[in-house]
Amino acid sequence: MTTSEKGAFGDQTMNSDLTLAIDQGTHSTRALVFTADGRLVTTAQYPLALHRVSDDRIEQDGREIIASLYATIEEVLAHEDVARRGMSHAGLACQRSSVIAWDIETGEPLGPMLGWQDRRAAEWLAQFEDRAAEVKERTGLPLSPHYGASKMRWLLENDAQVQQAHKAGRMRFGQLAGFLLFNLLQEKPLVTDQANAGRTLLQNLDTLEWDPWLLDLFGVPADLLTGIRPSIDEYGILSTGSIPLTAVCGDQNGAVYGLGLPEPGTGIVNLGTGAFILMSTGEKRVRHPRLLSGLASSDARRRNYSIEGT
């Protein structure tokens, strides 16, 4: 979206050349402000706690994550240049395979977030090993407890808060992106982006919708999930700063564009809590026996696929 466009955000004219980039990672939340030519104006960063309950149980506090997002955004908005020039739009990148349930009346998390490293449901997921090839064909992913489906099923079967809120019709769950959007945007949407949805083992990588066969296989009710939108879309207005949010994706997906639009065949290595190597394959989905397939980005007209090693 250019700085002069108008649209679903009404008559607001975005006449600033500044963009807010929000990066919600495992160990910290960052907010960065860039000019249109990529110059960094200011940044803020807040550390986050990671709770290793056991070798296979990794949790984080959803309340702490939301508080860190508001704190970093407010800090960069208070910068003298930003306060004077205003902000054109914002984008959000976040952890992909972490799962959280929340109350849709209050926005409060229903217990801790299960981190992307969490493997507590590995034994339960092993029963579907004979369906692993079909799962990979539909999702681009191997059958793994790191992804969302088994974590969601664990919450439904084992978390009393989730069960109570589900019975009351007040619960949604899914990837972290949906929880963040609900709590950060004025409109309180129940939505996630296509790239993050791809880390659930529930999204069909060809249709980019929730797959009925996968939902039935893993026993996840469709009405407990959010809607899905392209990565580049008009998501709503940030409650802090009244800034239009026009892009959402997973953190590793966003890393593909960290140095600009990559040349075809360029591999991107991103090192953080984990190590990830990604390569854009353009508008063609590439199937590989060992590597992961997914979306690097998407909009209403185009999809940009990638292959990935983690």
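**Exercise 1. In what order do the six strands of the open sheet stand, and is the pairing mixed or not?**

The model is predicted: local features need pLDDT of at least 70, side-chain atom pairs count only at pLDDT 80 or more, and totals for chains, interfaces and linings use all residues. Residues are numbered from 1 along each chain as its sequence is written, and side-chain values use heavy atoms, with hydrogens and water left out.

Step 1. Helices (H or I, at least four residues) and strands (E, at least two) are DSSP runs numbered from the N terminus. Two strands pair if DSSP finds at least two bridges between them.

Step 2. The order is β3-β2-β1-β6-β13-β12, and the pairing is mixed.

Step 3. The edges are β3 (40-47) and β12 (232-237); each has a single partner strand, so one side of each is left without a neighbour in the sheet.

Step 4. On average, neighbouring strands of this sheet are turned by 25° against each other, direction ignored.

Step 5. Within the sheet, β1 (residues 19-24) and β6 (residues 89-94) pair in the parallel sense over six bridges. Gln24 is placed opposite Cys94 of β6.

**Exercise 2. Place helices α1 and α7 on the strands.**

Step 1. Contact means heavy atoms within 4.5 Å. Axes are lines fitted to C-alpha atoms, for helices over the stretch in contact, and angles run from 0 to 180 degrees between N-to-C directions.

Step 2. Helix α1 lies across β1, β2 (28-34) and β3, and runs at about 155° to β3.

Step 3. Helix α7 packs on the sheet and touches β1, β6, β12 and β13 (244-250); the direction of α7 makes about 145° with that of β6.

**Exercise 3. Describe the crossing of α1 with α7.**

Step 1. The axes of α1 (residues 62-77) and α7 (residues 176-184) come within 11 Å and cross at roughly 55°.

Step 2. Angles under 35 degrees count as roughly parallel, over 145 as roughly antiparallel, 65 to 115 as roughly perpendicular and the rest as oblique. The pair α1 and α7 is therefore oblique.

Step 3. The crossing is right-handed (the near helix is turned clockwise from the far one by less than a right angle; anticlockwise would be left-handed).

Step 4. The contact is made by Gly62, Ile65, Ile66, Leu69 and Tyr70 of α1 with Phe179, Leu180, Asn183 and Leu184 of α7.

Step 5. Ala, Val, Leu, Ile, Met, Phe, Trp, Tyr, Cys and Pro count as nonpolar, Asp, Glu, Lys and Arg as charged, and the others, Gly among them, as polar. The contact of α1 with α7 then has seven nonpolar, two polar and no charged residues.

**Exercise 4. Treat α5 and α6 likewise.**

Step 1. The axes of α5 (residues 148-158) and α6 (residues 160-167) come within 6 Å and cross at roughly 85°. These helices are therefore roughly perpendicular to each other.

Step 2. Leu155, Leu156, Glu157 and Asn158 of α5 meet Ala160, Val162, Gln163 and His166 of α6. By class, this contact has four nonpolar, three polar and one charged residues.

**Exercise 5. What is the strand order of the open sheet of four strands?**

Step 1. The order is β14-β15-β17-β16, with antiparallel pairing.

Step 2. β14 (267-271) and β16 (292-298) are the edge strands, each pairing on one side only.

Step 3. From one strand to the next, the twist averages 35°.

Step 4. β15 (residues 275-282) and β17 (residues 303-309) pair in the antiparallel sense over five bridges. Ile277 stands opposite Gly309 of β17.
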